[in-house]
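User: I am new to this structure. Please take a close look at a single part and walk me through it.

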Amino acid sequence: MLVDKAPGFCPGAFTFGCVYLSGYTLHLMSHTAHFRFHGSLNDFLRPRQRHIALGYTFAEHQTVKDMIEAMGVPHVEVREVMANGEKVDFDQRLQPEDQVEVYPYENGEEELLTGIAERRFVLDVHLGTLARSLRMLGFDTVYDQHLHDPELTQIASKEQRILLTRDVNLLKHKAIPAGYWLRSQHTAEQLREVFTRYKLADYIRPFTRCMVCNGQIVPVEKQEVVEQLPPNTQLYFNEFYQCRQCKRVYWKGSHYERMQETVCRIFPTNGNMDLS
Ligand SMILES: [Zn+2]
């Protein structure tokens, strides 16, 4: 007998007759489907559950989405589900002994952006540094440390934004159109993950987004903002940009150098990337 601590499934390829423990109740696995997760979806499984068939007992009311997410994998990271060689929808119900293959999105796949107009993001709380980095590179990024899960879900759904989070359970909400679970806890690596996942390198537009409020930045005449500038900036810089929303002024000083350093960290082979 193989028993797994996680509710609903146990590792190994089974055809029938596997005995299964759920909480304090012993069940016969008369309604069992066999799942195999591919590629990056294995990141959501325990090491000993990865790249093998997993037997999962299910109740009649459970959909494919319910089962996949009960095993720990959020639906937004799933590109396609096949049962016995046939494609199935998330709201479909499986038959006993179905053989199910679950595939992830590959980096930059067009399907990833189905229903998503542009590469626009909404970020979970505690991702403030990543939000500023994305804005710095020109990506429309909603972030507010006071937003709660229902509000994040609503923004992602209503504005058709990609939700980035470290919270796997948040990505399981049905209304979220697209999303990604950040594997790393470190900002530079998170930025690399997002750039790779959404193929962002060709869409960098510095000096288009305000790092503070996500407002649009536009070129502005020096004489219009000169009173807001530190003395040295007045002397040595002549090219300025201003946020239409909060009126913050930007120029190619230390801010610009930090941006170049960031891009060089993400793309070490493109150290001389021109951001102008
Ligand atoms: Zn602003």
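Analyst: Start with the exposed side of helix 7. In this predicted model, that side carries S254, E257, R258 and E261, which are exposed. Now turn to the other side of helix 7. Here M259, V263 and I266 are buried. Why do these three count as one side? They cover an arc of only 60° around the axis, so they sit on the same side of helix 7. What do they face? The buried residues of helix 7 pack against two other helices: helix 2 (128–136) and helix 4 (187–197).

Next, the length. Helix 7 runs over residues 254–266, which makes 13 residues. From its first C-alpha to its last it reaches 19 Å. That is close to the 18 Å expected at 1.5 Å a residue.

Helix 3 makes a useful companion. This helix covers residues 149–158, and its buried residues are L152, T153 and A156. Their arc around the axis is only 100°, and therefore they lie on the same side of helix 3. The face turned away from that buried side carries P150 and K158, both exposed. The packing partners of helix 3 are strands. Its buried residues pack against strand 9 (121–123), strand 11 (162–165) and strand 12 (178–181). One backbone detail follows the helix. Just after helix 3, Q160 takes a positive phi of about 55°.

To recap, the buried residues of helix 7 pack against helix 2 and helix 4. Those of helix 3 pack against strand 9, strand 11 and strand 12.

Terms used
Residues are numbered from 1 along each chain as its sequence is written. This is a predicted model: local features need pLDDT of at least 70, side-chain atom pairs count only at pLDDT 80 or more; totals for chains, interfaces and linings use all residues. Helices (H or I, at least four residues) and strands (E, at least two) are DSSP runs, numbered from the N terminus. The expected span of a helix is 1.5 Å times one less than its number of residues. A residue is buried if 20 or more other C-beta atoms lie within 10 Å of its own, exposed if 12 or fewer, and partly exposed in between; C-beta atoms are placed from the backbone. The arc is that of the directions from the helix axis to the C-beta atoms. Two residues are in contact if their C-beta atoms, placed from the backbone, lie within 7 Å.
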